Amino acid sequence: MPPGIQVALPAAVLGAAALLVWFAGAAGLRVGRPLAATSAWIALAALCLLWLPRRGIAELAGPNLIPGARLLFRLDAVSFAFGLCVLVPAALLLTFQRRGWRESGAAALTVAAALLAVLADGILSTSLFWGSAATLLLVQLRADHERATEVFWPALLAGWLALVWAGVALEVTSGTAVYTAVPVTAMTSATFLLIAAAAALGSGLVPWRPWTAEMWDRPRLYGGSLAVAVLFPIGFYLLVRAYAADGGRWPSAWLNVLLGVLGVVIALMSALRAQAAPTRREFLSEGLPGLGGYALLAFAVGTPIGISAGVTTLLVAAGLAALLPLLPEGPESRSAPLLLALVAGAPPAATFAARALVLMAGFEAGEGWGFLAVAAVVAWLLGFAGAARAGHLPARPRGAEAAGSAAGAGLAAVALLAGGALLGQVVSRVSVPATAEVLSGAPGAIGGGGVAVLTTAGGWAAVALGLPLLVLVLLPILVSRRSLPAATADAPEPPLRLPWTGIAAGVGARLSGLSVPEQYRSLVNPRAVEAAMGRGQPLLWAVLLLALAVAVNR
Amino acid sequence: MPWEDLGAHLLALLIYPGGLAALALGLAAEIGAAWALVPERGGLAEAARGTLRALRLQPMNLAPLAAWAWVLALAAASQLAAPFNRVPPAERNSLVAAAALLGATWLAWSWGWGRRAASPPLVLAVQACWLLAVLLPSLGPGNLRPQALGAVVLGGQVPLKLACGVLYLACLPALLMLLPESAPQGPPGAVARPRTPEEAGFGVLRVLLWMPACGLFTSLFFPSADDALGLLRFLVVTAGAAAVAIAVAANLTRRPAGVTRLLYLRLALPFAGFSVLVAALTVVFIH
Amino acid sequence: MLALELVEVVVAWLGAALVVLSDGRRGVALGIALYAAGLASTLLADPLAAAALALAGLVSAGLRLRDGHRGWGTLPPGSTPRLLLCVVSGVLAAYAGASLLEGPGPAPARVAILLGGALGVARLLSTTRREAALAAATLMTLAVGGAEAAIGASQVAATVVLAAAIAAMLLGLLPAAEGEPGGA
Amino acid sequence: MGPELALGFPAAGAVLAAALRRRPALALLCGGLLGVAGALALGLLWLPPAQTSFLGLGLPAAPRALLIFSALALTLVVALAPAGADRVGLLAAGLAGSAGLVAVAAAPDVLAVAVVIALLAAGHAALPGGRPFAVRMRGPGLAVALVLAGVLLQHGGDAPAFARLSALALVLALVAAAGLVPFLPELDPEEPAPASPVAWTGFFGPALAIAMVARIQPTVGPDGAPVYGALLVGLGVLNLAWGTLGAWLAEGDVAAWRYSFLADWGLALVGLGIVVPDGYAAAYLVLASVLLVRFPLYLWARPVLVGRAAGAMGPANVLLAAALAGAAPFAGFSIRLLLLRAATTVYWPLALVLGLGMLVWLAHSLRLARTLGAPRGRAAVGVVLALGFSLLLGVAPALMLALGGL
């Protein structure tokens, strides 16, 4: 057995389950959903058992991808944290969402590919599995419905190409694209921008409505929600590894500022869209992009607290990615306002604690970062308003199937609600070690010893305050016989009208209306040129040969 | 398990400065507000009776939303730099207080959206200004602990603190749901008898909001000390802030409809912009 | 000597020009035969290659006589541009082969090769008649064989010349009638 | 006498298959057996003793590997041809083509290649089709003339201009021989597959190109090398742009398929033009994927293309679309990796241009995949095999490159 083979164990479990599901399904044995779900939970357990007891870094070297570039895997604190980000929502979704046996097998295989993408040690290895996961998801999405794939695929493919280019650029300049082996001088701003573009496109970190939100426009959520859950963390994984590749910093300070501003803009735009959403589903679709903006801001801050906050936010986002598509949409969904407040980040939920930690990182960093943090708080405020309004919106658009699972939503909601109280543990056991992996001479910056999160800017008494709040919030919910107000039929007016509504359509119409003036069309008519070529016009070829002959002898 | 720490936070949540203390101060302020906003109902005693009638609850028919909002109000109170607050200063955080207050308010709105004369856009604008007033003073020191911010009374921070203090006070009436546009459950004294548990619940919420909302003003802009004089100063300033809020609200409710909106959008928002400018200059020139 | 070389080149040019100017089977066949003869005569330094190419030309010409449009069909109405092309190509080929290029092989061979290539491709690009296209392709194949023979440096030049000769004959084997399409 | 056998068996097979046309089963059996024998002879050429040739022929490793892939592609398209296809015709044409390709690969110099091209093109143009013989001969005919011109200029003197013009002529000859822009042949959608320009570009083209490059590149010399590289890259980018945009905007699906071949060829030409090992390896993999994936898929799409079956977009089609779009983990992955690495090594803006081309690429892949309809029976097996080959090229390119001695 090659050394470090255990690194591939969690993915192998999922892959084997996929094959088993398909063979069993072909033989008429419909055990897809339970088998896929069990395999995801086993993979999650395996990952924890492999890392948590000894916390020893394990590496596995595979065959050559292309001459000079090996396939490498590495289990360390970073890949463990991101492995959790992929596996936790995947396990919940595979358990509580209805899927056929074919879809369950494909889903298990997709999760395996996504997991390998964050276990991969090197840009090229990551790009292979990231691209494979995207391809598998495309198949599942198109097999169900084509809506939103027209945004999903171009974004993913563009991001993937940018990543491949970044990888080969590092290969050319330094002879390796392995995160932990790239020389500091090799990671230039241009290469980093390619990685950032890949991350932005792959995780939907764009100011306009990203593919992660478009997925919610599909009539059925099970395909899109898995895509969002497993692909969302991978872009951030690249950004975190970029710190390791460049000796604990990004190539230039202005890149930090650029991505920080982008993060805040994303959070604000997402919140603006959320507060004007016509349906509750559209409000929920902005949950993850908004939190993504916060995570991006945290990673851009670049301090130990910033990166820890970013990793923590992603772990919370993983829980949210599972909760959102599981929220019941039927008439019985009376707990909706409570769950919406949870999504918006009301204390003591993890969604609150993660945001607070990001903002504390911003205030602590000082200089302009504090202003970005203040702007992010405004986005948070808009999110609160949106959540309050969303309780009065129709659950889903006409024609969309009701989704959700009361049990699944309950489990995810309790986990997120309790997450605030457990934040100290999450930060000290997962986020801080991951930060130490990529930042040389990190932390110690976050205190609290697992029961609180204390930074120089401020603190959150996770256990001492979070636990009592949790009990005090849960108690009335459990004992009250009061049913919460149901949604009204028609959507209330949004607090803020989106200024750009209709502009996009107008610009699109104008662009489609553009055409070459009549008198110049003959000059730019590829069909005519092609027809001349096809007929083998001697004159055309003679002119071409003459022109080229002159050109090469100039 | 940090039992001592847990006890301190429970004390702060349920007794002082949250819980009982918040309820006591809140009731007094609520009665005063009801008397000031609806004087035609009669004197203070009538206002007190009316207020207590409006707050009558049925414990087994509690509204979970309102209950969550109360808890958040108490959580905000526990973060105050109030004298004799048992919560360790290092664990108090104005950001937690602000988030809790916003959460509490919007939980009320998730029930009250579209009720009465409530105007979410106005509340949104006011809360944005209020957030700036709370957070801008933290930019320079890079510290969110209320007592640390309150302790800065001299030096380059003063202009910024002045601007933010004024902005904070201007926003209090809307934040405390004293104005018809900001109170889905109706302003103090407006409701004779609650029709639903939520209406009663969110009435109680306002009672609980007085202490954290006004106390946070005191914590952020005035130094605190764990002695009798410090306690007196805290209570006086907090009550003063409440009084200013009531006075502004009383003034605004007597004016024609739409004036409140106009004043906040035409005065508060530009002033918030000015405060941001002052904060930027402070950061550039002082730090 | 110079006169003889001139005659060889003129014969090759005449043959190539006939292929360009004729639409009938006889004209085309005579063109191939004349060109092959002219080309072979410029390559007498390598008798084996010369013989192979001449023989291939004659066989291919003979095969071309079996089908296609009857008669000579030389200089049909509207063939002035073709005539002009032949004259200009002849002059240019003579200039390039004799003055510009220093190799391969002797100048007459170069001119003959250039003539075969240039007029062959010109005919191929300008006709839609199958027999004419086949004849043009034959012309070019013979020219390629001639070029290989003129270079001669390659150890397997003889094989390539032989291959060119066989190719020319095989092209002659192809019928002049278009086949009917069928299947998918 | 390995090369002679590799040439003789398929040639004999083609003759037999054509002769026994009226008895399809027997024709397929004889042709098939001789074809397999030819492929085996090619395979045996890896053993040095089998490489001796009494005609002095030699088969370099890379063209030899592509010839094996061609044989594999031929086996696929004949064995798994859709119902109604003329399998005997396909086999005969394919075997004749294979023999021609072996001859091209074994040709001792570029003039010999020109001779074989003339013969091969005439044979292909003589197949029954929609366009007249003369029209179909124009591209290859021009290629022969250009090779001739190139060789004459090579020996024409020591002036650098001759070397540059020679390189120009030889590169254009390569492009004209493969039937690419700017020598794009006319397309008749109704034309039978074996006679169509798509078959020429997709089946004959790859081995032809690799063999020609193997003969041309060593002869261009230091003065011609820059022209050779720049022109190949330029024409590659032109074909890439023409192919991707054309496949996206084309009105007919047959035209879209033809343009998609052009796009592949664009990448191949760029790879050949960037004269670094990565570029050559990328070109080799692109051409292998054209032979083993795109060309067979095109033939299985014919029933939908000629309107005998309806298009569809099931999961298999989406997977095919991903493979055709060059997404990971299919052939596109390793090709893009190698090509972008080569381009970045030589001149990074070229990588940007290629990246944009690769991005536009995906616009047409779903459209093409739809034309595979709902594969059943033989077609389904074929689709699975094509996807398998694409996967192999994507995740184990080292194996395929080793076959080509790269």
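**Calling names in a predicted model**

Tutor: Let's start with Glu367(A), which sits in the loop between helix H15 (350–365) and helix H16 (369–390) of chain A. Keep in mind that this is a predicted model.

Student: Why does Glu367(A) count as exposed?

Tutor: The cut-off for exposed is over 50% relative accessible area. Glu367(A) has 63% relative accessibility, so it counts as exposed.

Student: And what is unusual to note about its backbone?

Tutor: Phi of Glu367(A) is positive, about 50°, although the residue is not a glycine.

Student: Which term fits Arg55(A): buried, partly exposed or exposed?

Tutor: Arg55(A) is at 31% relative accessibility. Buried needs under 20% and exposed needs over 50%, with partly exposed in between. So Arg55(A) counts as partly exposed. Arg55(A) also has a positive phi, near 50°, and is not a glycine either. Its place is the loop between helix H2 (32–51) and strand E1 (58–66) of chain A.

Student: Now the prolines. How do you know that the peptide bond between Gly103(C) and Pro104(C) is cis?

Tutor: Look at omega, which is about -5° for that bond. Pro104(C) lies in the loop between helix H4 (80–100) and helix H5 (107–126) of chain C. Chain D has a cis peptide bond as well, joining Ala328(D) and Pro329(D), with omega about 5°. Pro329(D) is in the loop between helix H12 (315–325) and helix H13 (331–346) of chain D.

Student: How do you know that chain B and chain D are not in contact?

Tutor: Contact requires heavy atoms within 4.5 Å. No contact joins these two chains, and their closest C-alpha atoms are 41 Å apart. For chain B and chain C, also without a contact, the closest C-alpha atoms are 67 Å apart.

Student: What makes chain C and chain D a pair in contact?

Tutor: By the same 4.5 Å rule, 43 residues of chain C touch 38 residues of chain D. The two chains bury about 3,200 Å² between them, and 77% of that is on carbon and sulfur atoms.

Student: How many salt bridges are there between chain C and chain D?

Tutor: Zero. A salt bridge would need a Lys or Arg side-chain nitrogen within 4 Å of an Asp or Glu carboxyl oxygen. Polar contacts do turn up, with four residue pairs across this interface.

Student: Which elements supply the chain C side?

Tutor: H5, helix H6 (130–151) and helix H7 (157–173) of chain C each give two or more residues. H6(C) gives the most, with eleven. That side divides into 26 nonpolar, eleven polar and six charged residues.

Methods
Residues numbered from 1 in each chain as written. Chains lettered and ligands numbered in written order. Predicted model: local features only at pLDDT ≥ 70, side-chain atom pairs only at ≥ 80, totals over all residues. Heavy atoms only, no water. Helix = DSSP H or I, 4+ residues; strand = E, 2+ residues; numbered from the N terminus. Buried < 20%, exposed > 50% of the residue type's maximum accessible area, 1.4 Å probe, protein only. Buried area = accessible area lost by both parts, 1.4 Å probe. Polar contact = N/O pair within 3.5 Å; in protein donor to acceptor, adjacent residues only side chain to side chain. Nonpolar A, V, L, I, M, F, W, Y, C, P; charged D, E, K, R; others polar.
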